[in-house]
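Welcome! Here is a friendly briefing for anyone meeting this structure for the first time.

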Amino acid sequence: MNVIVVGSGGREHTICWKLAQSSLVDKIIVVPGNGGTALEAKCQNINPKNCDYIADGENPFVAIARHEGCRMAVIGPEDPLADGLADEFWKADIPCVGPKKVAAQLEASKDLSKNFMRKYGVACAASETFVNKDAAIQYIREHGAPVVVKADGLAAGKGVVVAATVDEAVNAVTELMDGGRVGDAGKKLVIEDYLEGVEISVLAAVSVAPEYAVSGNAVIKSFLPARDHKRLYDGAKGPNTGGMGAVSPLDDVTPAIMEQFSKDILEPTLNGFIKEKFDYRGFIFFGVMLTKTGPKLLEYNVRLGDPETQAVLPLMDFDFAALCTAILNGSLKEFDLKWKQGYQVAPVVVSGGYPGDYKKGCEISFNEQILHDSGAKIFVAGAVPGRRGGDMLTSGGRVLASSAFGSTFQEAWAKAYQGISAVRFEGAFFRRDIGLPGAAESVRL
């Protein structure tokens, strides 16, 4: 079959790379794609602006999928999911991996998400929601710090501030609600109690639809746990980012911890999906803090996490396209998730200045021999094809990830960083401690 993949980041490159390995897939249409997907086997990037066959008023993604004969869609990023693109694919009789609009609001609104967690007994931090700046500031002054201040809407990873002091929290409220830091996403705020611990990410496949609930086939199946490293600098220091690298699996996450995660977070979430009659056939990201009293849910993302995808999907020892098919047709419950025995480490290389202002259009060079020797796979995020065939130019803050497998963590770590040494562009920056002890721990505030 032909498949359309929506998105342009490192997550989408990884999805395309994994789909291309399947004998079920003939061709992958990537809209709009990036410099990495342009070179990937079976892949073709298409920019809707270049398609003269799209009629006025027609959804461009659906039009491209029809034109290319696609029989399945996979949506990578959160924005099109929140806007209801999955609904549009289903209306066009193109089965889509990604929740429909109603369920996708679990990521689009932090307030809605927290209400869902409370309603269905999902273990999480206590919180309050505010639309009035003065009320939010008064609450902070009475409650005290540390607290976590979150923009309600989608903010591309830039809407969360961990405030150690009351003054920091008040400044965060002012910046988010008045300063236009994240636009309309900051008009409503969720202020959460700060949870101390170590954060993990659990990605999972979701196959929930009203008819599957009736037949007993509604299910959420979790993948191997992973860990993102949000802070810009080594030792979990500096500003939050969209993610500086990921590792999977995690030696500090025991079977007992995963059992408690299932009992306190995953199972109540599944129950809530069924009770709310969601049509959620896709992936989910559980952002979890491992506290002294057990796992607590920080947030839902209604898609695969980035950069966790670059560490988790390479460990899959099964057909990813077959998994997507099982999600769509209600047979996920019987699908066997098998994993390679080893570790995957994926540090990210970013543009100088990120997460603030950064330069674009820098030429990227690769030492192919070093890359080959390392065994690392480069997953491209913020880079586009250059003027010459095979070269790339930077186009975003997070430019690429070097993902490598090893039978031990040390082997995977060494290979991943050897892969990074093969990459050159002006201003390139990366953390040197991805996956090492203390690299992702929350700071005691």
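What follows is a short tour of helices, sheets, cores and two buried residues. Please keep in mind that this is a predicted model. One four-stranded open sheet runs in the order β6-β9-β7-β8, and another has the order β21-β22-β19-β24. The largest nonpolar core has 80 residues, and another core, of 39 residues, lies apart from it.

**Two helices that cross**

- Helix α5 covers residues 101-108 and helix α6 covers residues 110-119; their axes come within 6 Å and cross at roughly 100°.
- With that crossing angle, α5 is roughly perpendicular to α6.
- On the α5 side, the contact is made by Gln105, Leu106, Glu107 and Ala108. On the α6 side, Lys110, Leu112, Ser113 and Phe116 take part.
- By type, the residues of this contact of α5 with α6 comprise four nonpolar, two polar and two charged.

**The sheet β6-β9-β7-β8**

- Pairing in this open sheet of four strands is antiparallel.
- Its edges are β6 (127-130) and β8 (160-163), each of which pairs on one side only.
- From one strand to the next, the twist averages 20°.
- Strand β7 (residues 147-151) and strand β9 (residues 189-193) run antiparallel and are joined by five bridges.
- Which residue of β9 stands opposite Ala151? Leu189 does.
- Helix α6 appears again here: α6 packs on the sheet and touches β6, β7 and β9. The direction of α6 makes about 45° with that of β9.
- Helix α8 (residues 166-177) lies across β6, β7, β8 and β9, and runs at about 0° to β7.

**Val173, a residue of helix α8**

- Val173 is found in helix α8.
- Is Val173 buried or exposed? Its relative accessibility is 0%, so Val173 counts as buried.
- Leaving aside residues up to four places away in sequence, Val173 touches Lys133, Ala136, Ile137, Ile140, Val149, Asp178, Leu189 and Ile191. One of these, Leu189, is the β9 residue that stands opposite Ala151.
- Asp87 and Val173 are 86 residues apart in sequence, and their C-alpha atoms are 35 Å apart in space.

**The nonpolar cores**

- Within the largest nonpolar core, of 80 residues, those with the most contacts inside it are Phe89, Ile220, Phe273, Tyr280, Ile284, Phe286 and Tyr300.
- Helix α10 (residues 255-275) supplies the largest share of this core, with six residues.
- The separate core of 39 residues includes Leu203, Val312, Leu315 and Trp339.

**Tyr300, a residue of the largest core**

- Tyr300 lies in strand β17, which spans residues 294-301.
- Tyr300 counts as buried because its relative accessibility is 2%, and buried means under 20%.
- Which residues does Tyr300 touch, not counting residues up to four places away in sequence? They are Leu106, Glu107, Ser113, Phe116, Met117, Val122, Thr269, Ile284, Phe285 and Phe286.
- Several names in that list may look familiar: Leu106 and Glu107 of α5, and Ser113 and Phe116 of α6, also belong to the contact between those two helices.
- Leu81 and Tyr300 are 219 residues apart in sequence but 13 Å apart in space, C-alpha to C-alpha.

**Strand β23 and its partners**

- Why is strand β23 (residues 398-406) described as largely enclosed by the rest of the structure? Seven of its nine residues are buried, so that description follows.
- Strand β18 (residues 343-350) pairs with β23 in the antiparallel sense over six bridges. In this region, Val348 stands opposite Ala401 of β23.
- Strand β20 (residues 377-380) also runs antiparallel to β23, with four bridges joining them. Here Phe379 has Ala401 as its bridge partner in β23.

**The sheet β21-β22-β19-β24**

- Four strands make up this open sheet, and their pairing is antiparallel.
- The edge strands, β21 (383-385) and β24 (423-424), each pair on one side only.
- Two bridges link strand β19 (residues 363-366) with strand β22 (residues 392-394) in the antiparallel sense.
- Glu363 has Leu393 as its bridge partner in β22.

How values were computed:
Residues numbered from 1 in each chain as written. Predicted model: local features only at pLDDT ≥ 70, side-chain atom pairs only at ≥ 80, totals over all residues. Heavy atoms only, no water. Axes fitted to C-alpha atoms, helices over the stretch in contact; angles between N-to-C directions. Parallel < 35°, antiparallel > 145°, perpendicular 65-115°, else oblique. Contact = heavy atoms within 4.5 Å. Nonpolar A, V, L, I, M, F, W, Y, C, P; charged D, E, K, R; others polar. Pairing = 2+ DSSP bridges. Buried < 20%, exposed > 50% of the residue type's maximum accessible area, 1.4 Å probe, protein only. Core = buried A, V, L, I, M, F, W, Y, C linked by side-chain atoms within 4.5 Å.
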